[in-house]
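Got the viewer open? Take the tour below one stop at a time, selecting as you go.

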Amino acid sequence: MSEYKCLESISGVGPVYAGGILAEIGQIDRFADQANLAKYAGLTWKKHDSGKRQSENTPLMRTGNHFLWYYLVEAVNSVIRYVPEYKAFCQKEADEVTRNKHKRAVTMTARKFTRLVYTLLSEHQLYVPKQVNGDKN
């Protein structure tokens, strides 16, 4: 199974997003796990803690591959329109905060999407959406 077909099997990911993501990732074997891919894309957060106290407001790291970050975030903006699981996750994340709702929700959803991309590419499989209760399609 080609990596391109694996990514295009996700509803909302077209040829431009799939090609851009693959061009920026290169060989998926370079990454030990999905966390390394997320760090490479710049979808990780700085640790802000002092002693036993941890800050709830942690900024996104500004390092990583900015082009990959862009393709992942834009692909997620498209995927949340077609995949109910990602739409629900994005809505849940938006409801948790009062400031920058959409920006934070899309970034958190892009982090989740990175896990999916890593799994599909490393296992060479197509995306099969989860069945929603009562949905027989």
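A residue is called buried when its relative accessible area is under 20%, exposed when it is over 50%, and partly exposed in between. With that in hand, look at the whole protein, which is a predicted model: buried residues make up 36% of its 137 residues.

**Stop 1: the whole chain**

Switch on the cartoon view. You should find six helices and two strands. Walk along the sequence and the pattern reads α-α-α-β-β-α-α-α. Now think about who touches whom. Take the contacts between residues at least 6 apart in sequence: 62% of those join residues at least 24 apart.

**Stop 2: helix α4**

Select residues 66-82, which is helix α4. How far apart should the ends of this 17-residue helix be? At 1.5 Å a residue, the helix should span 24 Å, and its end C-alpha atoms are 25 Å apart, so the two agree.

Next, colour the buried residues of α4: L68, L72, V73, A75, V76, S78, V79 and I80. What do they pack against? Show α2 (15-25), α3 (34-41), α5 (84-95) and α6 (101-123), and you have the partners of those buried residues.

**Stop 3: A75, inside α4**

Zoom in on A75, which is part of helix α4. Its relative accessible area is 0%, so A75 counts as buried. Leave out residues up to four places away in sequence, and A75 touches V13, Y17, I21 and F113. Pick V13 from that list and draw a distance: V13 and A75 are 62 residues apart along the chain, yet their C-alpha atoms are separated by 6.0 Å.

**Stop 4: R81, also in α4**

Slide along to R81, another residue of helix α4. Is R81 buried or exposed? It has 61% relative accessibility, so R81 counts as exposed. Add S11 to your selection: R81 and S11 are 70 residues apart in sequence, but 8.8 Å apart in space, C-alpha to C-alpha.

**Stop 5: N65, at the start of α4**

Go back to the start of the helix and select N65. This residue is in the loop between β2 (53-54) and α4. At 12% relative accessibility, under the 20% cut-off, N65 counts as buried.

Show its side chain as sticks. A side-chain oxygen of N65 reaches to within 3.0 Å of the backbone nitrogen of F67. The N65 side chain also reaches the backbone nitrogen of L68, again at 3.0 Å. Which other residues does N65 contact, leaving aside neighbours within four places in sequence? Select E24, Y40 and A41 to see them.

**Stop 6: aromatic rings**

Time to show the rings. The count for this model comes to three aromatic pairs, and we'll visit two of these. Start with Y70 and Y71, an edge-to-face pair with 5.7 Å centre to centre and 65° between the planes. Y70 has 45% relative accessibility, so it counts as partly exposed. Y71, at 23%, counts as partly exposed too.

Now jump to Y86 and F113. Their ring centres are 6.2 Å apart and their planes are at 80°, so this pair is edge-to-face. Y86 lies in helix α5 and F113 in helix α6, so the pair ties together parts that are 27 residues apart in sequence. Are these two buried or exposed? Both Y86 and F113 are buried. If F113 rings a bell, that's because you met it among the residues touching A75.

**Stop 7: charges over rings**

Stay on Y86 and add K112. The charged end of K112 sits over the ring of Y86, 5.3 Å from its centre. Then move to Y40, which you saw in contact with N65. Here R30 lies over the face of the ring, at 5.3 Å from the ring centre.

**Stop 8: cysteines**

For the last stop, select C6 and C90. C6 has 0% relative accessibility, so it counts as buried. C90, at 7%, counts as buried as well. A disulfide is a covalent bond between the sulfur atoms of two cysteines. How many disulfides are there in this model? The count comes to zero.

Conventions: Residues numbered from 1 in each chain as written. Heavy atoms only, no water. Helix = DSSP H or I, 4+ residues; strand = E, 2+ residues; numbered from the N terminus. Expected span 1.5 Å × (residues − 1). Buried < 20%, exposed > 50% of the residue type's maximum accessible area, 1.4 Å probe, protein only. Contact = heavy atoms within 4.5 Å. Polar contact = N/O pair within 3.5 Å; in protein donor to acceptor, adjacent residues only side chain to side chain. Disulfide = S-S within 2.5 Å. Phe/Tyr/Trp six-rings, centres within 6.5 Å; stacked < 30°, edge-to-face > 60°. Lys NZ or Arg CZ within 6 Å of the ring centre and 35° of its normal.
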